[in-house]
Each structure stands twice: as structure tokens, then as C-alpha cells.
Number of protein chains: 2
Amino acid sequence: MSKIFASKNGTKKDVIIKKAASLFRKKGFIGTSMRELAENIGVEASSLYNHIGSKSEILQHICFKVANDFMLQLNETEKSETTTINKLEKLISFHIHMMMDVYDEVYVANHEWKQLEEPFLSNFSNQRKLYESRMIELIKKGIQKKEIKNIHPQVAVFTILSAVRGLELWQGHKKIVSIKEIETNMINHLLNGIAK
Amino acid sequence: MSKIFASKNGTKKDVIIKKAASLFRKKGFIGTSMRELAENIGVEASSLYNHIGSKSEILQHICFKVANDFMLQLNETEKSETTTINKLEKLISFHIHMMMDVYDEVYVANHEWKQLEEPFLSNFSNQRKLYESRMIELIKKGIQKKEIKNIHPQVAVFTILSAVRGLELWQGHKKIVSIKEIETNMINHLLNGIAK
DNA sequence: TGCAAAAACTAATAAGTGTTAGTTTTGTAA
DNA sequence: TTACAAAACTAACACTTATTAGTTTTTGCA
């Protein structure tokens with residue numbers, strides 16, 4: 001059944017999660033009811049449970065998909081043989097494109113992950129901390145190699161991550177300023193401030 | 001009644017709003033029930049309505065108090081006769097201290113303002129936009145005076161605002177890294193990247 | 001065409017929501 | 001001590017919540 005449907009948009013589960021991401025972003029996880037989600041899909045609330053286990057499971061899917069994407073990119077960047085500044089540039093660029101391409105999902109992962117239930121809450125929180133500490137290590141190496149000024153690595157990482165996270169504020173301004181322009185300006189701003 | 005109480009912590013309304021800010025930050029505006037808030041204060045939910053008009057009114061108080069504080073500081077900074085870089089430094093410093101001193105309130109204003117009802121929602125949204133555009137003007141003048149590189153002012157403002165907003169991530173790390181250290185590092189990072 | 005499975009439906013559950021009405025307790029000042 | 005007002009209480013309202021059970025419809029394949 002519905003194979004054509006599936007080949008276009010993925011399984012119905014995928015459709016539900018996609019729509020949920022959009023609603024969770026706009027109204028929050030708690031602020032979005034299963035009835036509202038169902039109505040947006042064109043189905044009764046109870047029918048959703050033929051495809052998903054619970055409301056919380058939807059949030060898990062969204063958050064861990066995003067976390068996984070960022071982790072994979074970090075793995076790849078760490079492996080690549082290039083300068084530290086170049087690695088940071090790659091990471092920042094990836095953040096920017098994720099924020100633009102899968103805005104709803106990234107936003108929800110950033111804002112609603114605290115609504116996850118255990119053990120997912122701890123798991124997600126640990127992944128975030130791990131991501132941060134690996135970026136800190138990256139900067140430390142850059143300082144050792146004298147590519148980067150003698151700054152406080154942790155503060156630098158938080159500043160960079162916060163700045164790119166704030167790209168969510170750009171939603172609605174995308175027509176006025178091109179993504180490319182945002183990208184080059186932000187990378188310059190954030191890396192000129194620390195590069196030697 | 002309770003005049004001693006009042007002189008210490010302000011009116012009972014103030015106590016309610018303070019506790020609400022703490023809960024709203026941890027569990028979100030919708031995620032916090034009036035019963036839960038009441039229990040945290042040591043009272044029945046209905047008793048809260050002797051001091052506040054509605055749940056929504058609490059959120060209004062929090063959001064507009066914060067917005068007002070930032071606006072006042074911006075007014076003062078604009079008036080002060082100093083370099084543009086110095087003005088930006090002042091503003092960034094103010095953001096950092098607000099985030100550290102009234103963390104709950106600033107966090108709630110940043111994350112939960114979308115739950116405001118009209119006309120407060122529009123009012124708040126307009127204040128944010130006004131704040132941004134006045135910072136953009138500041139940077140434009142800095143470029144004219146050749147104090148600042150020829151960057152995209154809007155991107156720079158968003159980058160700075162996002163970075164300082166991200167200071168909320170520092171909650172819990174405050175003991176490890178001193179505020180002063182965070183402050184000087186962030187200001188250098190954010191201003192070295194754009195100063196000529 | 002008939003069968004089995006997938007996915008929709010209706011109806012109900014138990015719990016929780018903000019808020020109000022009406023009443024009782026508490027604290028202050030005369 | 002009495003009177004008044006502030007602020008607490010109990011109980012209830014009318015809804016909304018996520019989720020389940022049981023049933024019917026729809027679908028794809030043999």
C-alpha cells in the first residue's frame with residue numbers, strides 16, 4: 001500500500017516526523033498536541049499510533065537524527081588532513097548549511113531536547129558535551145601549532161557554537177541576505193578574531 | 001501582613017514572578033502548570049490569583065522587564081561619546097552580565113516570548129527588531145568612520161547577539177571559568193574579527 | 001475475486017489544564 | 001476586642017491531554 005506515496009516522501013512515519021518537526025518548532029513540543037499533529041496530516045490522532053510508538057518517540061527521532069549528522073561531520077573533519085583553521089571553517093560551514101537545509105529539525109533539537117525522557121535525555125546531553133570537548137581539543141591543537149592565538153579554547157568554542165546556532169534568527173531574512181554572504185561574513189568574523 | 005517578608009524579597013507578586021522565571025526556564029512556559037508553581041511557593045494554585053491576573057501576565061512581566069533593561073542600556077550607550085568599538089564592547093559586556101545576573105529571566109525572555117499573547121507578542125517582537133536595527137546603525141557608523149572593516153552590518157550584529165545569547169550554555173560552567181575571563185575572551189573574539 | 005494485513009475510524013479512559021466562586025483564615029489597625 | 005481587608009483555602013467548572021481498545025475500511029497481492 002501507498003508505495004508511490006512512500007517513494008516520494010519516505011514512509012508515513014517519516015511524514016509524521018517531518019510535520020511534527022515543523023509544529024514542534026513553531027509551537028514547542030508540549031505546545032503541540034497529537035490531535036493538532038494528526039489534523040495537519042489529515043488523519044485522526046489515534047491513527048498516528050499505527051506508525052509511531054508515542055509522542056516522545058517522535059522527539060527522539062528528530063533530536064538523534066540531528067545529533068548523528070553533526071557527529072558524522074565532526075568525525076570526517078577530524079580525520080581530514082588540513083589546517084585547524086580550515087577544519088573550523090568546514091565545521092562552521094556545515095552548521096550554517098544544516099541550519100538552512102533542515103531548519104525545523106535543528107531548531108527542535110536545540111530547543112526541545114530537554115523534553116526528552118530518560119535515558120534519551122542523558123544520552124543526548126552527553127553527545128552535546130562530547131561534541132563540545134572535541135571542538136575544544138581541535139582548538140587546543142591549533143594553538144599548539146601556532147595557527148591560533150593563545151585564547152581560552154572553551155570560550156572560543158562556545159562563542160562559535162552560539163553564533164552559528166543563532167542562525168535560526170535568520171529565518172525570514174534569507175531573501176534579503178544570501179546564504180553565501182552570511183557564510184563568508186560569519187566565517188571571517190569568527191575566525192579572524194582568533195587566527196594568528 | 002508580611003511586611004518583613006515584603007521588605008526582603010519584594011511583594012508576593014515579585015516572589016511569584018521570580019519563582020515562575022525559574023520554572024519557566026527549566027520546564028518551559030506551557031510545561032509549567034499553575035499548580036506546580038503554587039506548590040513551589042507553598043500555596044494552592046487558586047491563591048496565586050490574589051496577586052496576579054493570569055499565567056500569561058507572569059510571562060509578560062518577565063519578558064518586558066528584560067526588554068526594558070536592554071533598551072535602557074542601549075539608550076545610554078548610544079548617547080555616550082566614545083568610539084564605536086567601545087560602544088560595542090559596552091553592549092557585549094552588558095549582555096554578559098545580564099545573562100549571569102538574571103539568568104532565568106533573560107533565558108525565558110529569549111526562549112518563551114513566542115508564547116506571549118497579542119498585543120504583547122507584537123510589541124515584544126517589534127522591540128527586538130528595533131534593538132537589532134539600532135545596533136546595525138551603530139556598526140554602519142563605525143564602518144563610515146573607518147573604525148570597522150567593510151563587513152555586512154546585519155550579519156555582524158546577528159553574530160554578536162547570537163554569541164552573547166549563547167552564554168546561557170555557560171550555566172554550570174561558571175565555577176570553572178570566571179566571568180571576567182569569559183568577558184574579555186568573548187569581546188576580543190567578537191571585536192578583533194571586525195575591527196580595523 | 002478473495003484474503004490478510006495495514007491503517008483508518010469511533011469512543012472512551014484517566015489525568016491534568018487555567019481559572020472562578022464562595023468561604024474561611026489570618027494579620028493589622030482602631 | 002472588634003472590624004476590615006488581604007490572602008489563604010476547598011470545590012468545581014469546562015476543556016484538553018496522550019493513549020488504548022475495539023471495530024471498520026482500505027490496500028496490495030495471490
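For what follows, a salt bridge is a side-chain nitrogen of Lys or Arg within 4 Å of a carboxyl oxygen of Asp or Glu. With that in hand, and keeping in mind that this is a predicted model, let me begin with the pair that meets the rule between the two protein chains: Glu168(A) forms a salt bridge with Arg165(B), and their closest N and O atoms are 3.8 Å apart. Across the interface of chain B and chain A, the rule finds 2 salt bridges, and the count of residue pairs in polar contact between these chains, with both residues at pLDDT 80 or more, is 2 as well.

Which elements of chain B give two or more residues to the side that touches chain A? They are helix H6 (103–112), helix H8 (153–165) and helix H9 (179–192) of chain B, and of the elements on that side H8(B) gives the most, with 9 residues. By class, the residues on the side of chain B that touches chain A divide into 15 nonpolar, 14 polar and 7 charged.

Turning to the extent of this interface, 36 residues of chain B are in contact with 36 residues of chain A. The size of an interface is often given as the accessible area lost when the parts come together. Here chain B and chain A bury about 3,000 Å² between them, with 61% of it on carbon and sulfur atoms. Of the area that chain B buries against chain A, 21% is supplied by Phe158(B), Leu169(B) and His189(B), which is more than any other three residues supply.

Next, the DNA, and strand C in particular. Of the 19 residues around DNA strand C, those that come nearest are Glu44(A), Ser46(A), Asn50(A), His51(A) and Tyr49(B). The surface near the strand has 5 nonpolar, 9 polar and 5 charged residues. On the side of the DNA, 60% of the atoms of strand C within 4 Å of the protein belong to sugar or phosphate, and the rest belong to bases.

Three individual approaches to strand C can be described. A polar side-chain atom of Lys12(A) lies 2.9 Å from a phosphate oxygen of the strand, whereas a polar side-chain atom of Ser46(A) lies 2.7 Å from a base oxygen. From the other chain, a backbone N or O atom of Thr32(B) lies 3.4 Å from a phosphate oxygen of DNA strand C. The elements that give two or more residues to this surface are helix H4 (45–48) of chain A together with helix H3 (34–41) of chain B.

I will finish with some backbone geometry, taking each chain in turn. In chain A, a cis peptide bond joins Glu118(A) and Pro119(A), with omega about 5 degrees, and Pro119(A) lies in the loop between helix H7 (103–112) and helix H8 (120–144) of that chain. In chain B, Glu118(B) and Pro119(B) are joined by a cis peptide bond with omega of about 5 degrees, and Pro119(B) has its place in the loop between H6 and helix H7 (120–144) of chain B.

Lys146(A), although not a glycine, has a positive phi of about 60 degrees, and is found in the loop between H8 and helix H9 (153–165) of chain A. Is this residue buried or exposed? Lys146(A) counts as exposed because its relative accessibility is 61%, the cut-off for exposed being over 50%. Lys146(B) has a positive phi near 60 degrees, lies in the loop between H7 and H8 of chain B, and counts as exposed at 62% relative accessibility.

Notes:
Residues are numbered from 1 along each chain as its sequence is written. Chains are lettered from A and ligands numbered from 1 in the order in which they are written. This is a predicted model: local features need pLDDT of at least 70, side-chain atom pairs count only at pLDDT 80 or more; totals for chains, interfaces and linings use all residues. Side-chain values use heavy atoms; hydrogens and water are left out. A residue is near a molecule or strand if one of its heavy atoms lies within 4 Å of it. A polar contact is a pair of N or O atoms within 3.5 Å; within protein, one must be able to donate a hydrogen and the other to accept it, and residues adjacent in sequence count only if both atoms are side-chain atoms. Helices (H or I, at least four residues) and strands (E, at least two) are DSSP runs, numbered from the N terminus. Ala, Val, Leu, Ile, Met, Phe, Trp, Tyr, Cys and Pro count as nonpolar, Asp, Glu, Lys and Arg as charged, and the others, Gly among them, as polar. Contact means heavy atoms within 4.5 Å. Buried area is the accessible area (1.4 Å probe) that two parts lose on being put together, summed over both. Buried means under 20% relative accessible area, exposed over 50%, partly exposed in between (1.4 Å probe, protein chains only).
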